Amino acid sequence: MFFTYLFWAVEFFLLVLILAGLSQTTSILTAFAAQVFLALVMVIPATPGASRVAELGAAPIFSVFINASIIGVTIIAWRALTYYMNLLLGGLMSLKVIKDMDLIKKIDRGFYRALMIT
């Protein structure tokens with residue numbers, strides 16, 4: 001349960017770090033509340049990963065505490081770190097698992113043959 005809280009805290013804290021990198025200061029509580037509200041809204045659409053709903057929904061919600069001049073960059077960086085990076089890393093790991101399946105099958109066949117001999 002601790003790691004679940006840690007995961008969500010890190011994920012919600014990314015927006016604060018992005019804003020700090022863009023020299024924009026904001027309240028941590030405000031950033032967290034905006035993301036929690038947006039997470040609740042993202043549950044409603046039937047699109048995978050709430051595609052485009054998160055990006056389009058974040059603009060009006062985040063514009064309350066982010067300057068209009070950096071809102072686009074902020075949303076792209078925020079979504080890239082919280083969603084698209086997960087897709088990329090998950091896809092790469094899936095390819096690695098699929099590739100290693102041949103190795104697992106070879107080991108499994110060798111183990112089965114060893115059992116048949118003895």
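**Exercise 1.** In this predicted model, determine which residue forms a salt bridge with R52, and state whether each partner is buried or exposed.

*Solution.* The partner of R52 is E55, and the closest N and O atoms of this salt bridge are 3.8 Å apart, which falls within the 4 Å cut-off. Next, consider the accessible areas: E55 has a relative accessible area of 16% and is therefore buried, since buried means under 20%. R52, by contrast, has a relative accessible area of 52% and is therefore exposed, the cut-off for that class being over 50%.

**Exercise 2.** Find the salt bridge that joins E55 to helix α4, and say what network results.

*Solution.* The side chain of E55 also meets that of R79 in a salt bridge, with an N to O distance of 3.2 Å. This pair links distant parts of the chain, because E55 lies in helix α3 (residues 53-62) and R79 in helix α4, 24 residues apart. Both R79 and E55 are buried. A search of the whole structure finds two salt bridges, and R52, E55 and R79 are linked in a network.

**Exercise 3.** Locate R79 relative to the largest pocket, and describe the lining by residue class.

*Solution.* R79 is one of the residues that line the largest pocket, among them also E11, W78 and Y83. The elements giving two or more residues to this lining are α1 (2-21), α2 (28-42) and α4 (71-117). By class, the lining has eight nonpolar, two polar and two charged residues, and the pocket holds about 200 Å³ of space.

Methods
Residues numbered from 1 in each chain as written. Predicted model: local features only at pLDDT ≥ 70, side-chain atom pairs only at ≥ 80, totals over all residues. Heavy atoms only, no water. 1 Å grid on protein atoms, 1.4 Å probe; cavity = no way out; pocket = protein on both sides within 12 Å on 5 of 7 lines; lining within 4 Å. Points joined across faces, edges and corners; volume = space filled by probe spheres on them. Helix = DSSP H or I, 4+ residues; strand = E, 2+ residues; numbered from the N terminus. Nonpolar A, V, L, I, M, F, W, Y, C, P; charged D, E, K, R; others polar. Buried < 20%, exposed > 50% of the residue type's maximum accessible area, 1.4 Å probe, protein only.
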